[in-house]
Amino acid sequence: RWDLREMTSSEFALPPQRFFHSALVSPDGRWLASVEATTEVLPNGTNADEEVRLRELATGRVVFEATGYRSVPAVPVFSPDSSRFVIRSSTRENEAEMYMTATGERIGDPLRMDGYLSAASFSADGALLVTCDGTKRVRIWDGIDGAAIRHFYLDEDRKPLNCPLEGRNTDRISTVSLSEDGHTLMTGSQLDQTVRVWDVDT
């Protein structure tokens with residue numbers, strides 16, 4: 001870990017034969033979320049024992065961990081104030097879970113979807129959370145307590161806004177972003193390299 005203001009670094013050791021798949025620092029710079037795996041490779045070509053951990057950067061203390069993933073999970077998504085994060089469930093692929101960052105305590109019930117979580121994002125004020133699953137169903141949740149607000153499916157009947165970034169999003173949605181007022185949604189697909197902008201209310 002580097003302090004870019006002072007150009008000093010600190011480090012903590014992973015257990016033997018483990019490595020980082022990906023990592024993300026929280027917006028306030030206090031927490032490190034990481035996706036880790038063992039160097040053992042299974043017959044299907046994936047790494048054994050995929051895990052997610054959340055550490056306090058100043059001390060390296062682990063405040064949360066989830067184990068048992070059968071495929072590489074996405075790195076957790078933090079709320080803008082870093083007080084909460086969302087992650088795909090390690091036990092049910094069609095669920096996500098919201099947690100308190102400082103304690104690793106789950107908030108409310110699991111966020112149930114039709115397929116595995118493919119993308120998630122908080123609104124700029126943290127009041128709303130948007131998720132998209134493998135079936136391209138978008139769900140909007142209360143960003144504080146995880147209560148479901150509404151959902152809709154990104155199919156051919158729902159027309160995107162007339163936007164120069166418009167594409168087809170024919171493949172899995174890999175990123176979503178919701179405007180602060182909750183009325184405009186952006187979705188992007190890494191596989192077909194397209195972006196769409198949607199009016200959530202129509």
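Start by selecting Phe64, Phe78, Phe85 and Tyr99: ring pairs link these four into a cluster. Rings of Phe, Tyr and Trp (its six-membered ring) pair here if their centres lie within 6.5 Å; planes under 30 degrees apart count as stacked, over 60 as edge-to-face and the rest as tilted. By that rule the count comes to four aromatic pairs.

Before you zoom in: this is a predicted model, where local features need pLDDT of at least 70 and side-chain atom pairs count only at pLDDT 80 or more, while totals for chains, interfaces and linings use all residues. Residues are numbered from 1 along each chain as its sequence is written, and side-chain values use heavy atoms, with hydrogens and water left out.

Now keep just Phe64 and Phe85 on screen. Their ring centres are 5.2 Å apart with the planes at 70°, so this pair is edge-to-face. Colour by strand next (strands are DSSP runs of E, at least two residues, numbered from the N terminus). Phe64 sits in strand 6 (residues 62-69) and Phe85 in strand 8 (residues 84-88), so the pair ties together parts that are 21 residues apart in sequence.

Swap Phe85 for Tyr99. Phe64 and Tyr99 make a tilted pair, 4.5 Å centre to centre with 55° between the planes. Tyr99 belongs to strand 9 (residues 95-100), so here the ring pair ties together parts 35 residues apart in sequence.

Are these rings buried or exposed? Phe64 and Tyr99 are both buried, meaning under 20% relative accessible area with a 1.4 Å probe, protein chains only. Phe64 comes in at 9%, and Phe85 is buried too, at 1%.

Stay in strand 9 and pick Glu97. Its side chain makes a polar contact with the side chain of Tyr99 at 2.6 Å (N or O atoms within 3.5 Å, one able to donate a hydrogen and the other to accept it; residues adjacent in sequence count only if both atoms are side-chain atoms). Glu97 is buried as well, with a relative accessible area of 11%. Leaving aside neighbours within four places in sequence, Glu97 is in contact (heavy atoms within 4.5 Å) with Phe85, Val86, Ile87, Ser89, Arg106 and Pro110.

Last stop: strands 15, 16 and 17. They form an open antiparallel sheet in the order 15-16-17, where strands pair if DSSP finds at least two bridges between them. Strand 15 (175-178) and strand 17 (194-199) stand at the edges with a single partner strand each, so one side of each has no neighbour in the sheet. Strand 16 (residues 184-189) pairs with strand 17 over six bridges; click Ser189 and you'll find its bridge partner, Thr194, in strand 17.

Terms used. Helix = DSSP H or I, 4+ residues; strand = E, 2+ residues; numbered from the N terminus. Buried < 20%, exposed > 50% of the residue type's maximum accessible area, 1.4 Å probe, protein only.
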